[in-house]
Amino acid sequence: MIFLLILRGIKMFSDKDGKNLDRIETLIGELCSIVGNISGEGLIKIDGSIDGDITWKDDIIIGETALYNGNISCKNAKVNGRVKGNITCEDNLIIEPLGNISGDITVKHVTIKEGASLDGRCTMLINKIQD
């Protein structure tokens, strides 16, 4: 069961395409558990547990209480919970102090804060200059 909750005033990443990403559009609460794959867009925050892959067009926040088992593909991600699986971000990945990732990451930019952990390989995406 997925619950949608709109919260105003929470800003995470800016979007050059003009999308309104200054509020959480989808919230998976701490008491929510999902088995299966998820896809969508807008800002999503995950505080519950998910067992499955997620393909998200915009930004993802993995909260402190989240237990995520699966692969993540998104534009930007902020991880402050536990992720077991690979993460691919088009732009930024921030691993917060309580963040724990067991899997490979593929990103353009990565920030790993003190106290965070990454057990896996990191592949950095680069912009190719066209002739």
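Begin by selecting β2, β5, β8, β11, β14 and β17 in this predicted model, and you will have an open sheet of 6 strands, which follow one another in the order β2-β5-β8-β11-β14-β17 with parallel pairing. The edge strands here are β2 (33-35) and β17 (117-119), each of which pairs on one side only, and from one strand to the next the twist averages 5°.

Within this sheet, zoom in on β5 (residues 49-51) and β8 (residues 67-69), which pair in the parallel sense over 3 bridges. If you label Ser49, you will find that Leu67 in β8 stands opposite.

**The second open sheet**

Now select β3, β6, β9, β12, β15 and β18, which form another open sheet of 6 strands, arranged in the order β3-β6-β9-β12-β15-β18 and again with parallel pairing. Its edge strands are β3 (38-40) and β18, each pairing on one side only, and the twist averages 5° from one strand to the next. At the β3 end, 3 bridges join β3 to β6 and the two strands run parallel; Ile38 is the residue to label there, with Ile54 in β6 as its bridge partner.

**β1, β4 and β7**

Next, select β1 (residues 24-28) together with β4 (residues 43-46), which pair in the parallel sense over 4 bridges, and note that Ile24 stands opposite Leu43 in β4. Keep β4 displayed and add β7 (residues 59-62), since β4 and β7 pair in the parallel sense over 3 bridges; here Ile44 stands opposite Ile60 in β7.

With these pieces in view, colour the whole chain by secondary structure, which comes to 0 helices and 18 strands. Among contacts between residues at least 6 apart in sequence, 10% join residues at least 24 apart.

**The nonpolar core**

Of the 131 residues of the chain, 40% count as buried. To look inside, show the side chains of Ile46, Ile54, Ile60, Ile72, Ile87 and Leu93, which have the most contacts inside the largest nonpolar core, a set of 26 residues. At least two residues of this core come from each of β4, β6 (54-56), β7, β9 (72-74), β10 (76-79), β12, β13 and β15.

Which residues does Leu93 touch? Leaving aside residues up to four places away in sequence, they are Ala77, Val79, Ile87, Ile101, Ile105, Val107, His109, Val110 and Thr111.

**Asp47 and its salt bridge**

Move then to Asp47, which lies in the loop between β4 and β5. Is this residue buried or exposed? Asp47 is buried, with a relative accessible area of 15%, and, not counting residues up to four places away in sequence, it touches Leu27, Ile28, Gly29, Glu30, Gly63, Glu64, Thr65 and Ala66. Asp47 also forms a salt bridge with Lys45, the closest N and O atoms being 3.6 Å apart, and Lys45 is partly exposed, at a relative accessible area of 24%.

**Two further salt bridges**

Side chains of opposite charge can pair when their charged atoms come close, and the count for this model comes to 6 salt bridges. One to select is Asp91 with Lys108, whose closest N and O atoms are 3.6 Å apart. Asp91 lies in the loop between β12 (87-89) and β13 (92-95), and Lys108 in the loop between β15 (105-107) and β16 (109-112), so this pair ties together parts that are 17 residues apart in sequence. Lys108 counts as partly exposed, at 24% relative accessibility.

Follow this with Arg121 and Asp104, whose side chains meet in a salt bridge at 3.2 Å, N to O. Because Arg121 lies in the loop between β17 and β18 (122-124) and Asp104 in the loop between β14 (100-102) and β15, this pair too ties together parts that are 17 residues apart in sequence. Arg121 is exposed, with a relative accessible area of 59%, whereas Asp104 counts as partly exposed at 24% relative accessibility.

**Where to read with caution**

Finally, colour the chain by pLDDT, whose mean is 86, with 80% of the residues reaching 70 or more. Then select residues 1-12, over which the pLDDT is below 50, although this stretch has 32 contacts in the model beyond near neighbours in sequence. Where pLDDT is low, the predicted coordinates should not be read in detail.

Conventions. Residues are numbered from 1 along each chain as its sequence is written. Side-chain values use heavy atoms; hydrogens and water are left out. Two strands pair if DSSP finds at least two bridges between them. pLDDT is the predictor's confidence in each residue, from 0 to 100. Contact means heavy atoms within 4.5 Å. Axes are lines fitted to C-alpha atoms, for helices over the stretch in contact, and angles run from 0 to 180 degrees between N-to-C directions. A salt bridge is a side-chain nitrogen of Lys or Arg within 4 Å of a carboxyl oxygen of Asp or Glu. Buried means under 20% relative accessible area, exposed over 50%, partly exposed in between (1.4 Å probe, protein chains only). A nonpolar core is a set of buried Ala, Val, Leu, Ile, Met, Phe, Trp, Tyr and Cys residues joined through side-chain atoms within 4.5 Å.
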